[in-house]
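Here's a quick tour of a protein fold, written for someone who likes to click around while reading. Have a look at the chain first, then come back for the walk-through.

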Amino acid sequence: MKTILIGLLALLGFSPFIAKKCFYHDQQSVTQILEARHSGNFFDPNKHVTANQIKSLIHAAQLTPSSYNEQPWNFIICDKSINSEAYDKVFNTLHQFNQNWAKNAQVLAVITASTNYSKNNHANTSAQYDTGAAALSMAIQATALGLMTHQIAGFDTEELTKLLNLPSDVIPLSVMAIGYEDLTRSTTRTKERKPITENFFQDSWGSINNYWQ
Ligand SMILES: Cc1cc2nc3c(=O)[nH]c(=O)nc-3n(C[C@H](O)[C@H](O)[C@H](O)COP(=O)(O)O)c2cc1C
């Protein structure tokens, strides 16, 4: 029966894995991954990211929720070890400052958003929100696999759009550098975050929230 249902869902265009009922309650370990994720500046050029790891990152991004389930994101994955020419094209659009530290990342994933809904071509005002969420899913999964990600907004948008031949309603939002951190060069850093009261309110804009008092 389950197999028939999964088959039907697949025919309707749904991915079969949604049929899996899975509830995850280990909140502590999710928090640990979120705390461990960081955007370091030193990638290890000698440790190889495998195809299975990339598949796992893709799977994590694919599971992200989105407005009307539009899934407006695209990830163009450029793996230096597979196609260095494609990698270099993307790399060369990064601002010099970012090239300095990103050069040892094995993978650069260009993350784009389709700004119109596919069903009616109306503007999708949630496209960037949803794409950012998918990027974070990928980053969290990368951390869980022992990898490091560092996203980059500092690139030449026009050049990247041209090089990748992006459709007119598709905008590049971020390039995610992915690889192993070079642990011999990394330093321990505390996470710099604004005070809780600056971002988290209660009942009305600007109010003090009571949770942290
Ligand atoms: C969309 C996005 C764009 C970013 N662009 C850059 C960038 O161009 N250069 C850079 O060095 N870091 C960039 N970062 C990294 C942020 O500076 C970093 O996430 C922030 O300082 C918080 O540090 P953490 O990721 O280690 O928690 C970017 C991060 C995001 C999410």
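What follows goes from the overall layout to the sheet, then to one helix and the ligand shell.

Keep in mind that this is a predicted model. The protein has eight helices and four strands, and reading along the sequence you get α-α-α-β-α-α-β-α-β-α-β-α. Of the 213 residues, 23% are buried. If you take the contacts with a separation of 6 or more, 75% are between residues 24 or more positions apart.

Now the sheet. In what order do the four strands line up? They form an open sheet in the order β1-β2-β4-β3, and the pairing is antiparallel. β1 and β3 sit at the edges with a single partner strand each, so one side of each has no neighbour in the sheet. On average, neighbouring strands are turned by 25° against each other, ignoring direction. As general background, strands in a sheet pair through backbone hydrogen bonds, in either a parallel or an antiparallel way.

Two of the pairings are worth a look, each with an example of residues that face each other:

| Strand pair | Sense | Bridges | Example |
|---|---|---|---|
| β2 and β4 | antiparallel | eight | Thr112 opposite Pro172 in β4 |
| β3 and β4 | antiparallel | five | His150 with Ala177 in β4 |

Being an edge strand doesn't leave β3 bare: four of its five residues are buried.

On to helix α6, residues 127-144. How far apart should its ends be? At 1.5 Å a residue, its 18 residues should span 26 Å, and the end C-alpha atoms are indeed 26 Å apart, so the two agree. The buried residues in α6 are Ala127, Asp130, Thr131, Ala134, Ala135, Met138, Ala139, Gln141 and Ala142. That kind of spacing is easier to read with the helix repeat in mind: with 3.6 residues a turn, residues three or four places apart point the same way. What covers the buried residues of α6? The cover includes α3 (51-62) along with β1 (73-79), β2 (107-114), β3 (148-152) and β4 (170-179). Just after the helix, Gly146 takes a positive phi of about 85°.

Last stop, the ligand. Around the ligand you'll find His38, Ser39, Asn98, Gln151, Ile152, Ala153, Gly154, Ser174 and Lys191. By class, this shell has two nonpolar, six polar and one charged residues.

Terms used: Residues are numbered from 1 along each chain as its sequence is written. This is a predicted model: local features need pLDDT of at least 70, side-chain atom pairs count only at pLDDT 80 or more; totals for chains, interfaces and linings use all residues. Helices (H or I, at least four residues) and strands (E, at least two) are DSSP runs, numbered from the N terminus. The expected span of a helix is 1.5 Å times one less than its number of residues. A residue is buried if 20 or more other C-beta atoms lie within 10 Å of its own, exposed if 12 or fewer, and partly exposed in between; C-beta atoms are placed from the backbone. Two residues are in contact if their C-beta atoms, placed from the backbone, lie within 7 Å. Two strands pair if DSSP finds at least two bridges between them. Axes are lines fitted to C-alpha atoms, for helices over the stretch in contact, and angles run from 0 to 180 degrees between N-to-C directions. A residue is near a molecule or strand if its C-beta atom, placed from the backbone, lies within 6 Å of it. Ala, Val, Leu, Ile, Met, Phe, Trp, Tyr, Cys and Pro count as nonpolar, Asp, Glu, Lys and Arg as charged, and the others, Gly among them, as polar.
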